[in-house]
Amino acid sequence: MINSLQPSNTALNGICPYFTMFPLDFPLNILKRRAREGDVVLDPFCGRGTTNFAARLVGLRSLGVDSSPVAAAITASKLVTVSVEDVLDEARRILTEREAHHIPASEFWHWAFHSTVLDALCRFRGAFLEDCTTNARIALRGIVLGALHGPKQKTFPSYFSNQCPRTYAPKPAYATRFWQGRGLVPEPVDVLAVIERRAKRYYGASSDITGAVRLADSRDAKALQPEIPETRFDWVITSPPYYGMRTYIPDQWLRNWFVGGSEVVDYTNRDQVVHSSPDDFAANLRQVWRNAENVCAEDAKMVIRFGGITDRRADPLNLIKSSLSDSGWRITTIREAGSAAEGKRQADAFLRTKSKPMVEYDVWATRQ
Ligand SMILES: C[S@@+](CC[C@H](N)C(=O)[O-])C[C@H]1O[C@@H](n2cnc3c(N)ncnc32)[C@H](O)[C@@H]1O
């Protein structure tokens, strides 16, 4: 049991929205109640880094792995210590010293961002693609990702885009029609002012850096190797994609563009677990559980939050049980994670429609 939280700012966990994130309390409560000093935590599907951030809050080292460049960039931004001034200095430096290259020119982009804002975004993008290894740049990239698109606000704009959802990027043809039909033109947002407000919110407090993130495919055994070779992980706290949720990259295509992806919607889904059939899906997860087992301590525990979406006919509990068979892990407990109540389920954030809710489970396992 870990008694005290590091002095820190939990607002940083909200630096950028991400689909199907689990609530901070989920990994945090497990670690607060059950982890010991010095434990090391792994999340092989880290998404926006909730598990890593929870580990940081209780002063534990962690490794997060995700094959989405957006997820890896968001997670990285939660694992740096930096001052607000350093972030702002870096932003000013990039905006004054760099030229904007590769400015997308299609109609969508013309309507999505004011030309001065798009110019600034391209300067940042170019700078980060060249080098994003300093804490100031990692934090700044996370801030820009979080502010990239969202609702228009009149007095103090918080987002760079024309009217947009904040959690997912709209498809270009639909969005362009929407803006044109309503006469919504993009405003010349004060980019530095948005960055300053967000930097103060997210980086106003600091704590020790205790985590790392890796952009990699967790089905690959090398992906889960600890940063320090002799380390073994004591905890795996994770949530894999639910069966049928295959649109992490296309639904985040604007943020994916910002971290180096294409300026048109990318449907390739490379390095994501496959959803071609329940068996293939379970086999992919099994591979990840095996890889995790290889890098875990004898008495390690794994906690998996898993559920389903309603548009595919596959029972989530059978799927997760099947993925864990012959994986080196033995299921010890299965608990319902709270079902119908709004806001509790990860799938709600994804589906965007009123659908019949399905139960989510927390599955606990130990090494065999
Ligand atoms: C349910 S989300 C995890 C959300 C996370 N718990 C959070 O709070 O943000 C699943 C994640 O698995 C990632 N993913 C899918 N296939 C992967 C693979 N083969 N290797 C690593 N990550 C993968 C997706 O990119 C997505 O970010």
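How many salt bridges does the structure hold? The structure, a predicted model, contains 17 salt bridges, a salt bridge being a side-chain nitrogen of Lys or Arg within 4 Å of a carboxyl oxygen of Asp or Glu. Residue numbers start from 1 along each chain as its sequence is written, and side-chain values use heavy atoms, with hydrogens and water left out. For this predicted model, local features need pLDDT of at least 70 and side-chain atom pairs count only at pLDDT 80 or more, whereas totals for chains, interfaces and linings use all residues.

Side chains of opposite charge can pair when their charged atoms come close. Arg-36 forms a salt bridge with Asp-234, with 3.7 Å between the closest N and O atoms. This pair links distant parts of the chain, 198 residues apart: Arg-36 belongs to the loop between helix H1 (25-34) and strand S1 (40-43), and Asp-234 to strand S4 (residues 233-238). Helices (H or I, at least four residues) and strands (E, at least two) are DSSP runs, numbered from the N terminus. Arg-36 is partly exposed, at a relative accessible area of 41%, whereas Asp-234 is buried at 12% relative accessibility. Here buried means under 20% relative accessible area, exposed over 50%, and partly exposed in between, for a 1.4 Å probe and protein chains only. Accessible areas were obtained by the Shrake-Rupley method with a 1.4 Å probe; for residues, only the protein chains shown count as cover.

Asp-299 also meets Arg-36 in a salt bridge, with an N to O distance of 3.2 Å. Because Asp-299 lies in strand S5 (residues 296-306) and Arg-36 in the loop between H1 and S1, this pair ties together parts that are 263 residues apart in sequence. Asp-299 is partly exposed, with a relative accessible area of 41%.

A further salt bridge, at 3.2 Å from N to O, joins the side chains of Glu-130 and Arg-98. Glu-130 is located in helix H6 (residues 115-130) and Arg-98 in the loop between helix H4 (84-97) and helix H5 (107-112), so that parts 32 residues apart in sequence are tied together. Of these partners, Glu-130 is exposed at 62% relative accessible area, while Arg-98 is buried at 18%. Elsewhere, salt bridges that share partners connect Arg-36, Asp-39, Asp-234 and Asp-299 into one network.

The ligand is surrounded by 24 residues, of which Tyr-18, Arg-48, Thr-50, Asp-66 and Asp-217 come nearest; a residue is counted as near when one of its heavy atoms lies within 4 Å. A polar backbone atom of Phe-22 is 3.0 Å from an oxygen atom of the ligand. Ligand nitrogen is approached by backbone N or O atoms of Ser-67, at 3.2 Å, and of Val-273, at 3.0 Å. The protein covers 100% of the 600 Å² of accessible area that the ligand has on its own.

The largest cavity is the space taken by the ligand. A cavity is defined on a 1 Å grid over the protein atoms alone as a set of points where a 1.4 Å probe fits but cannot get out, and a molecule sits in a cavity if more than half of its atoms lie within 2 Å of its grid points.

Asp-217, one of the residues that come nearest to the ligand, lies in the loop between strand S3 (211-215) and S4. The residue is buried, with a relative accessible area of 17%. The side chains of Asp-217 and Arg-219 are joined by a polar contact of 2.6 Å. A polar contact is a pair of N or O atoms within 3.5 Å; within protein, one must be able to donate a hydrogen and the other to accept it, and residues adjacent in sequence count only if both atoms are side-chain atoms.

Positive phi values occur at His-102, near 50 degrees, and at Asp-326, near 60 degrees; each is a residue other than glycine. His-102 lies in the loop between H4 and H5 and is exposed at 65% relative accessible area. Asp-326 is placed in the loop between helix H12 (316-324) and strand S6 (329-336), where Asp-326 counts as exposed at 59% relative accessibility. Pro-170, in contrast, is buried at 7%, in the loop between helix H7 (135-147) and helix H8 (172-182).

Notes: On a 1 Å grid over the protein atoms alone, a cavity is a set of points where a 1.4 Å probe fits but cannot get out, and a pocket is an open set with protein on both sides within 12 Å along at least five of seven lines; lining residues have an atom within 4 Å of a point.
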